[in-house]
Amino acid sequence: MSNKVAIIASNGGLFDAYKVFNIATAAAASDKEVAIFFTFEGLNLIHKQGMNALPMPAGTEHFAEGFAKANVPAIPQLVEMAQELGVKFIACQMTMDVMGLTVEDFVDGIEVGGAVTFLEFAKDAAPSLTF
């Protein structure tokens with residue numbers, strides 16, 4: 001059984017962020033080696049400004065109160081927790097180029113790479129997840 005968990009974050013909403021970072025931090029806390037490949041809208045999850053304004057799906061605004069009542073950490077705190085647990089963040093170089101983004105637009109400590117970089121990590125990961 002693999003000790004690696006590979007996650008692709010290609011969507012940039014608030015619910016997507018919670019899914020990605022919940023699985024990533026749980027796996028890392030369970031001594032798994034975790035890498036997240038952020039591509040397209042998923043780059044918002046680690047974007048310095050974008051992570052603070054992730055959209056919620058229409059009609060789900062009531063969840064904001066639920067998150068607060070349940071003391072669920074905000075996305076910037078989850079990003080920090082994931083990094084403290086050793087989760088590897090890989091930002092898609094191609095998407096960054098298309099969107100005119102640079103490494104300075106993102107949280108510190110990310111790696112920039114292409115699909116091949118992620119696939120090299122994911123080739124023996126189980127599970128591999130996409131959000």
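This briefing describes selected residues, salt bridges and backbone features of the structure shown above. The model is predicted, and the values below were computed from it. A search of the whole structure finds four salt bridges, and three of them, Lys4 with Asp124, Glu65 with Lys69 and Glu120 with Lys123, are taken up here in turn. The other topics are the surroundings of His47, a nonpolar patch on the surface, and a few places where the backbone takes a less usual form.

**Salt bridges**

- Lys4 and Asp124 bring their side chains together in a salt bridge, with a distance of 3.1 Å from N to O. Because Lys4 belongs to strand β1 (residues 4-9) while Asp124 sits in the loop between α5 (115-122) and β5 (128-130), this pair ties together parts that are 120 residues apart in sequence.
- The two partners of that bridge differ in their cover: Lys4 has a relative accessibility of 16% and therefore counts as buried, as the limit for buried is under 20%, whereas Asp124 is partly exposed, with a relative accessible area of 41%.
- Glu65 and Lys69 also meet through their side chains in a salt bridge, at 3.0 Å from N to O. Both residues are in helix α2, and because they are four residues apart there, about one helical turn separates them.
- Lys69, the lysine of this helical pair, counts as exposed, since its relative accessibility is 65%.
- Glu120 and Lys123 form a further salt bridge between their side chains, with an N to O distance of 2.6 Å. Here Glu120 is partly exposed, with a relative accessible area of 47%, while Lys123, at 59% relative accessibility, counts as exposed.

**His47 and its surroundings**

- His47 is located in the loop between β2 (33-38) and α2 (62-69), and with a relative accessibility of 15% this histidine counts as buried.
- The side chain of His47 reaches the backbone nitrogen of Gly50, and the distance between them is 3.0 Å.
- When neighbours within four places in sequence are left aside, the residues in contact with His47 are Leu101, Asp105 and Phe106.

**A nonpolar patch on the surface**

- Phe40, Met94, Val98 and Met99 make up a nonpolar patch on the surface, and together they have about 410 Å² of accessible area.
- Of these residues, Met94 has its place in helix α4 (residues 93-99), whereas Phe40 lies in the loop between β2 and α2.
- Phe40 is partly exposed, with a relative accessible area of 40%.

**Backbone features**

- Most residues other than glycine have a negative phi, and most peptide bonds are trans. The residues in the following points are set against that background.
- Phe40, already named as a member of the nonpolar patch, has a positive phi of about 45°, although this residue is not a glycine.
- Asn71 is likewise not a glycine, and its phi is positive at about 55°. Asn71 is found in the loop between α2 and α3 (75-84), and with 65% relative accessibility this asparagine counts as exposed.
- The peptide bond that runs from Ala126 to Pro127 is cis, with omega near 10°. Pro127 belongs to the loop between α5 and β5, and Asp124, the partner of Lys4 in a salt bridge, is placed in the loop between α5 and β5 as well.

Definitions and conventions:
Residues are numbered from 1 along each chain as its sequence is written. This is a predicted model: local features need pLDDT of at least 70, side-chain atom pairs count only at pLDDT 80 or more; totals for chains, interfaces and linings use all residues. Side-chain values use heavy atoms; hydrogens and water are left out. Helices (H or I, at least four residues) and strands (E, at least two) are DSSP runs, numbered from the N terminus. Buried means under 20% relative accessible area, exposed over 50%, partly exposed in between (1.4 Å probe, protein chains only). A polar contact is a pair of N or O atoms within 3.5 Å; within protein, one must be able to donate a hydrogen and the other to accept it, and residues adjacent in sequence count only if both atoms are side-chain atoms. Contact means heavy atoms within 4.5 Å. Patches are made of residues with over 30% relative accessible area and no salt bridge: like charges are joined within 9 Å, nonpolar side chains (Val, Leu, Ile, Met, Phe, Trp, Tyr) within 5 Å. Accessible areas come from the Shrake-Rupley method with a 1.4 Å probe; for residues, only the protein chains shown count as cover.
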